[in-house]
Amino acid sequence: MHFEYTIIENDFANAGTASSAIKKTLKQLNIDSAKIKRVVVAVYEAEVNAIAHAYGGTIYVDIDGEQIVVRIADKGPGIPDVALAMQEGYSTASPKVREMGFGAGMGLPNIKNNVDKLDIKTEINVGTEITMAVKF
Amino acid sequence: MIYKIYMKIKEIAKLLDATFITGEQLAESEIDFAFASDLMSDVLTLKQADRILLITGLCNIQTIRTAEMANVEVVLFVRNKNVTNEMIEIAEEENMVLLQCKYSMFRAVGMLYVQGLQPVY
Ligand SMILES: Nc1ncnc2c1ncn2[C@@H]1O[C@H](COP(=O)(O)OP(=O)(O)O)[C@@H](O)[C@H]1O
Ligand SMILES: [Mg+2]
């Protein structure tokens, strides 16, 4: 199965709509709820990042019998130091992002904790591509 | 001695003089654990558990989305926050109970804690 979702620049109100759709799909496939939670928590944090730190992008979802692979590709400033960004507590979030309940520098570490495979490709002034996989 | 403490949602509502914004039909359901935070990234680190109550002062669409992703079934907003129609729509779709009370976070949390409601951590 393949799905794609568009993330629109600055569209804070719709952050989570893709994660929500993925949750419904996985539920229909009778995937274990603890596993679904791991997937959607990771995708949701990444979705918020694509809105909070970049200018939107596209989410590509592939599901087969063995795993779900989600790739979140944004158009944005890129991440200058990925190792630093992965550290808990590191954040460049705006006050607006903090008002939404994010911006504590916990997103990327939590994504890593929830998925079986994580790959981050990033290019300055081009964008960031986060690919994550969870095995069923 | 091993024993299990839980509270019915209606007991929580009564104790805190809280009103149901959505999910009143689930008032007889039970809650095992509670967690309080205004930081949604923090809520998203909760390990999978059933029947969690989130107590929060953050009242926006992200609160509802976070509860959805974290499998939080009941959200209590303290200090009479304004819940929008958009939030209610998603909460109803997700079968989520939204409660609202006038007490502060400190007071609401304290009152539930002395009842024996268990913390997540
Ligand atoms: N998609 C992205 N594009 C550009 N920078 C990003 C992106 N995702 C994360 N970052 C950077 O990494 C930091 C840490 O991200 P994260 O752990 O999710 O915490 P937070 O979003 O709370 O700041 C961000 O503050 C930002 O500087
Ligand atoms: Mg983040």
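Let's start with Phe102 of chain A: Phe102(A) is buried, and its relative accessible area is 3%. Please keep in mind that we are looking at a predicted model.

Who is the partner of this ring? Which residue forms an aromatic pair with Phe102(A)? That is Tyr44(A), and the pair is edge-to-face. To picture such a thing, remember that a pair of aromatic rings is described by the distance of the centres and the angle of the planes. For Tyr44(A) and Phe102(A), the centres are 5.7 Å apart and the planes make an angle of 85°. Because angles over 60 degrees count as edge-to-face, 85° gives the pair that label. Tyr44(A) is buried too, at 0% relative accessibility.

Now find the two rings along the chain. Tyr44(A) belongs to helix α2, residues 33–52 of chain A, while Phe102(A) sits in the loop between α4 (95–99) and α5 (107–114). The two are 58 residues apart in sequence, so the pair ties together separate parts of chain A.

Let's move over to chain B. Here Phe35(B) and Tyr121(B) have ring centres 6.4 Å apart and planes at 80°, so this pair is edge-to-face as well. Phe35(B) is in strand β4, residues 33–36, and Tyr121(B) is in the segment after β8 (118–119). With their positions 86 residues apart, the pair links distant parts of the chain.

Here is one to try on the structure: are Phe35(B) and Tyr121(B) buried or exposed? Phe35(B) is buried, at 11% relative accessibility, whereas Tyr121(B) is exposed, at 61%. Over all chains, the count comes to three aromatic pairs.

Chain B also has charges sitting over rings. The charged end of Arg51(B) is over the ring of Tyr6(B), 5.9 Å from the ring centre. Arg107(B), in turn, lies over the face of Tyr103(B), at 4.1 Å from the centre of that ring.

Back to chain A, for its strands. Strand β1 (residues 2–8) and strand β2 (residues 56–63) run antiparallel and are joined by seven bridges. You can spot Thr6(A) there, standing opposite Thr58(A) in β2(A). On we go from β2(A) to strand β3, residues 67–75: these two are antiparallel, again with seven bridges. A hairpin of three residues connects β2(A) to β3(A). Across this pairing, Ile59(A) stands opposite Ile72(A), and Ile63(A) stands opposite Ile68(A).

How many bridges join β3(A) to strand β5, residues 127–135? Nine, and these strands run antiparallel. Look for Val70(A), which stands opposite Met132(A) in β5(A).

Last stop: where the two chains meet. Chain A brings 24 residues to the contact and chain B brings 23 residues. Together the chains bury about 1,900 Å², with 53% of that area on carbon and sulfur atoms. Between chain A and chain B the count is two salt bridges. One of them joins the side chains of Lys24(A) and Glu94(B), at 3.0 Å from N to O.

If you take one picture home, let it be our opening pair: Tyr44(A) and Phe102(A), edge-to-face, with Tyr44(A) buried and Phe102(A) buried. Thanks for listening!

Definitions and conventions: Residues numbered from 1 in each chain as written. Chains lettered and ligands numbered in written order. Predicted model: local features only at pLDDT ≥ 70, side-chain atom pairs only at ≥ 80, totals over all residues. Heavy atoms only, no water. Phe/Tyr/Trp six-rings, centres within 6.5 Å; stacked < 30°, edge-to-face > 60°. Helix = DSSP H or I, 4+ residues; strand = E, 2+ residues; numbered from the N terminus. Buried < 20%, exposed > 50% of the residue type's maximum accessible area, 1.4 Å probe, protein only. Lys NZ or Arg CZ within 6 Å of the ring centre and 35° of its normal. Pairing = 2+ DSSP bridges. Contact = heavy atoms within 4.5 Å. Buried area = accessible area lost by both parts, 1.4 Å probe. Salt bridge = Lys/Arg side-chain N within 4 Å of Asp/Glu carboxyl O.
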